[in-house]
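Subject: Structure for your review

Dear colleague,

Please find below the structure that I am handing over to you. I would be grateful if you could read the notes that follow alongside it.

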Amino acid sequence: MNVQEKLSELHQEGNYRSLTHLQHEGCYVFKEGKKYLNLSSNDYLGIASKIDLRNEFLSSLDIPSSGFSASASRLQTGSYPEYKLLEEKLRLLYHTESAIVFNSGYHANTGILPAMTDNKSLILADKLVHASIIDGIRLSSAKSIRYRHNDYQQLERLVHDHASCYEQIIIVTESIFSMDGDEADLPRLCQIKKRYPHVMLYVDEAHAFGIRGASGLGCAEENGCIADIDFLVGTFGKALASVGAFVVCSNLIRECLINRMRTFIFTTALPPINVSWSLFILEKLPHFSAQRKYVKTISQRLRRQLPRTAGSSHIVPMLIGGNDDCVRISQELAGYGFFASAIRPPTVPAGTARIRFSLSANIPENEIERLIQTLAKIQPL
Ligand SMILES: *Cc1c(COP(=O)(O)O)cnc(C)c1O
């Protein structure tokens, strides 16, 4: 591969990426001395900036027994008591047989599908699933078909047509999709999977865990369908302001993952201290109802003001269309002190470039009002 050529290609397509160094302060970020409202954060509950929580956690720690490294994989000597406590808590919260913790959502999604399938399996995945799930599909020896985004009639047809040809079918979706902020119809998916004994359901709740459901367990909790989901994946790096991921599942699945999942077996486990922080936040999760409600309120407020939007969650896209317009509006917003990403093809379909606002509980209402007024100024609503 000619590296220089590849990079020039990316430049020409407008897809060249580079790192931006930012300083963080609550809901604001600072870039070269200028202050911006952070509308691109996944810290949906505003926990990442809460100093009092950090202090409370640190003062609860027993330093001599708090490892800053696991120094081995879980299967060697890295399975510290902290892991057992966190998995036990997850199991109890979700009322499932089992739970297992991974280093990240990326590890979870690239590892679970290859471990749980073989060439007699079929994976049916939503067209818009996250890159980590796509990589998991690629690494598996299963056959795979992507169905049109949230098109359950097509999915039903695919399940019906292929049911007799495979030993196992796994339907894979996210609960909240990160680019449109829209949601999967989980009860409908459960209905489809329950018609066949060999169809399983895999739901990635990365953008919903913490922020949705009465006690923050996600969209499956909100829809009362946790028990019908075979693989319910959540991540600790977004609303939980930590690091890592988990799946809640049956004992049998957990046992299979421990034995076959390469991204679990061949990697050093997360540091016990991070696992303790995840547990510390998880135990407080039910008490963040006010934050969940507030984020919903400001999301609805913002969505109402946008001429072209989509979805129903705290991820609010403003559809623009053309790439150049999208970049222009994003730059104008930056001029007014708003940090929001311009999302362009190939991340989203051609002609649907958009600004993506992801809202957090630590954004004050007056900043949302200022955003709405600014949008009215720079683009006729
Ligand atoms: C962020 C994200 C992941 C990856 O999780 P990490 O813990 O950040 O690796 C997986 N799936 C979805 C849908 C995500 O949005």
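The notes below describe the overall fold first and then the salt bridges.

Please bear in mind that this is a predicted model.

Overall architecture

The protein chain contains 15 helices and 14 strands. Its radius of gyration is 21 Å, close to the 21 Å that the globule rule gives for 381 residues, so the chain is as compact as a globular protein of that length. The C-alpha trace spans about 55 × 55 × 50 Å along its principal axes. Of the 381 residues, 53% are buried. Among contacts with a separation of 6 or more, 70% are between residues 24 or more positions apart.

Surface and charge

The accessible surface of the protein chain amounts to about 17800 Å², and carbon and sulfur atoms contribute 51% of it. The chain carries 41 positive and 39 negative side chains, with the centres of the two sets 2 Å apart.

Salt bridges

In the whole structure, 17 salt bridges were found. Three of them are described individually here.

One salt bridge joins the side chains of Arg195 and Glu156, at 3.0 Å from N to O. Arg195 is in the loop between helix H8 (186-194) and strand E8 (199-204), while Glu156 belongs to helix H7 (residues 152-162); the two are 39 residues apart, and the pair links distant parts of the chain. Arg195 is partly exposed, its relative accessible area being 48%. Glu156 likewise counts as partly exposed, at 22% relative accessibility.

A salt bridge also forms between the side chains of Arg354 and Asp180, again at 3.0 Å from N to O. Because Arg354 lies in strand E14 (residues 353-358) and Asp180 in the loop between strand E7 (168-174) and H8, this pair ties together parts that are 174 residues apart in sequence. Both Arg354 and Asp180 are buried.

The salt bridge between Asp230 and Lys193 has its closest N and O atoms 3.0 Å apart. Asp230 sits in the loop between helix H9 (219-222) and strand E9 (231-235), and Lys193 is in helix H8; with their positions 37 residues apart in the numbering, the pair links distant parts of the chain. Asp230 is buried, with a relative accessible area of 17%, and Lys193 is buried as well, with a value of 12%.

Finally, Arg74, Glu87 and Arg254 are joined into one network by salt bridges that share partners.

Yours sincerely

How values were computed:
Residues are numbered from 1 along each chain as its sequence is written. This is a predicted model: local features need pLDDT of at least 70, side-chain atom pairs count only at pLDDT 80 or more; totals for chains, interfaces and linings use all residues. Side-chain values use heavy atoms; hydrogens and water are left out. Helices (H or I, at least four residues) and strands (E, at least two) are DSSP runs, numbered from the N terminus. The radius of gyration is taken over C-alpha atoms; the globule rule is 2.2 Å times the number of residues to the power 0.38. Buried means under 20% relative accessible area, exposed over 50%, partly exposed in between (1.4 Å probe, protein chains only). Contact means heavy atoms within 4.5 Å. Accessible areas come from the Shrake-Rupley method with a 1.4 Å probe; for residues, only the protein chains shown count as cover. Lys and Arg count as positive and Asp and Glu as negative; His and the chain ends are not counted. The place of a charge is taken as NZ of Lys, CZ of Arg, CG of Asp or CD of Glu. A salt bridge is a side-chain nitrogen of Lys or Arg within 4 Å of a carboxyl oxygen of Asp or Glu.
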